[in-house]
Amino acid sequence: MHNIRIVKTGINVSKILDQLKKYPEDWNSESKIESAKSCVDVHGFPQIDVGVLQLVIGGVKSIDEYVGDTEICIPTPAYKKHTHIINFLKRHFKKYNRCGFLSLPVGKGVGKHIDIGTYYQTKDRYHLSIQGTYEYTVGDESIIVNPGTLFWFNNKLEHAAQNVGDSTRITFVFDVPHK
């Protein structure tokens with residue numbers, strides 16, 4: 001495989017998942033979280049439709065700028081709460097940029113897309129799977145991803161995800177500058 005590379009499997013992500021469960025309000029908007037709290041998956045995690053929990057986001061200097069074309073990176077308030085994933089990043093990577101968690105309900109998918117903008121041209125994109133099983137496709141290559149798997153992929157090609165497991169898929173997506 002040239003467009004997907006598994007870096008490591010069997011990573012213990014339990015403390016990361018515990019922090020996600022401790023701060024469910026960090027996902028999406030407050031109103032979505034309140035309604036999601038009453039519906040949990042088989043692991044006790046709130047069901048959230050294609051949720052996003054950003055820790056470091058992209059920024060712009062003016063309204064007419066495209067965030068994919070800037071190098072601005074801004075920590076969110078959630079950044080200070082999710083210390084286990086930040087410690088993981090600091091232990092394994094010298095530098096990282098934008099990052100966050102993505103959730104995907106059982107049976108749902110994220111369609112093929114390419115990360116567009118000058119920001120992405122100098123970054124490598126990684127996933128660390130936290131919960132659930134999903135199929136990840138990049139170009140014509142596909143893998144099944146289980147919790148505790150760290151992988152790199154070529155986000156300059158079309159890529160997509162499909163939750164094929166029995167629980168909400170949660171993955172941590174992050175960018176690392178090219179060496």
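**View 1. Ile 6 sits in strand β1.** The model shown here and in the other views is predicted. Ile 6 counts as partly exposed, since its relative accessibility is 48% and the buried class ends under 20%. Leave out the neighbours within four places in sequence, and the contacts of Ile 6 are Ile 143, Thr 149, Leu 150 and Phe 151. Phe 151 is a nice case of chain distance versus real distance: 145 residues separate Ile 6 from Phe 151 in sequence, yet their C-alpha atoms are 4.3 Å apart. The strand that holds Ile 6, β1, runs antiparallel to β9, and 4 bridges join the two. One of the residues to look for here is Lys 8, whose bridge partner in β9 is Leu 150.

**View 2. Seven strands make an open sheet with antiparallel pairing.** Reading across, the order goes β1-β9-β6-β11-β4-β2-β3. What are the edge strands? They are β1 (4-8) and β3, each of which pairs on one side only. On average, neighbouring strands of this sheet are turned by 30° against each other, if you ignore direction. Two helices come into the picture as well. Helix α1 lies across β2, β4, β6 and β11, and its direction is at about 80° to β6. Helix α3 packs on the sheet too, touching β2, β4, β6, β9 and β11, and makes about 40° with the direction of β11.

**View 3. Strand β6 (residues 123-131) is mostly covered.** How many of its residues are buried? The count is 9 of 9. On one pairing, β6 meets strand β11 (residues 169-177) in the antiparallel sense over 8 bridges, and Gln 131 has Ile 170 as its bridge partner in β11. On another, β6 is joined to strand β9 (residues 150-153) by 4 bridges, again antiparallel. Here the bridge partner of Leu 128 in β9 is Leu 150, the residue that also partners Lys 8.

**View 4. The largest nonpolar core holds 27 residues.** Which members touch the most others? Leu 55, Ile 85, Phe 101, Leu 128, Ile 130, Phe 172 and Phe 174 do. At least two core residues come from each of α1 (14-22), β2, α3, β4 (99-104), β6, β9 and β11. A second core of 10 residues is separate, and its members include Ile 4, Tyr 134, Val 138 and Phe 151. Back in the largest core, zoom in on Ile 130: beyond residues up to four places away in sequence, Ile 130 touches Val 13, Ile 16, Leu 17, Leu 20, Phe 101, Pro 147, Ile 170, Thr 171 and Phe 172.

**View 5. Six aromatic residues form a cluster through ring pairs: Trp 27, Phe 93, Phe 101, Tyr 126, Phe 172 and Phe 174.** Searching the whole structure turns up 11 aromatic pairs. Rings also sit under charges elsewhere. The charged end of Arg 98 is over the ring of Tyr 119, 3.7 Å from the ring's centre. For Arg 169, the ring is that of Tyr 134: Arg 169 lies over its face at 4.7 Å from the centre.

**View 6. Tyr 66 and Thr 76 are both loop residues.** Tyr 66 is found between β2 (52-58) and β3 (73-75), while Thr 76 is in the loop between β3 and α3 (83-92). Buried or partly exposed? Tyr 66 is partly exposed, because its relative accessible area is 44%; Thr 76 is buried, because its relative accessibility is 15% and the cut-off is under 20%. Leaving aside neighbours within four places, Tyr 66 is in contact with Val 60, Ile 116 and Gly 117. Tyr 66 and Thr 118 are 52 residues apart in sequence, with 9.8 Å between their C-alpha atoms. Thr 76, by the same kind of count, touches Gln 54, Leu 55 and Ile 57.

**View 7. An open sheet of 4 strands has antiparallel pairing and the order β5-β10-β7-β8.** At the edges stand β5 (109-113) and β8 (141-145); each has a single partner strand, so one side of each is left without a neighbour in the sheet. From one strand to the next, the twist averages 15°. Strand β5 and strand β10 (residues 159-163) run antiparallel and are joined by 3 bridges. Look for Gly 109, which has Gln 162 as its bridge partner in β10.

Conventions. Residues numbered from 1 in each chain as written. Predicted model: local features only at pLDDT ≥ 70, side-chain atom pairs only at ≥ 80, totals over all residues. Heavy atoms only, no water. Buried < 20%, exposed > 50% of the residue type's maximum accessible area, 1.4 Å probe, protein only. Contact = heavy atoms within 4.5 Å. Pairing = 2+ DSSP bridges. Phe/Tyr/Trp six-rings, centres within 6.5 Å; stacked < 30°, edge-to-face > 60°. Lys NZ or Arg CZ within 6 Å of the ring centre and 35° of its normal. Core = buried A, V, L, I, M, F, W, Y, C linked by side-chain atoms within 4.5 Å. Axes fitted to C-alpha atoms, helices over the stretch in contact; angles between N-to-C directions.
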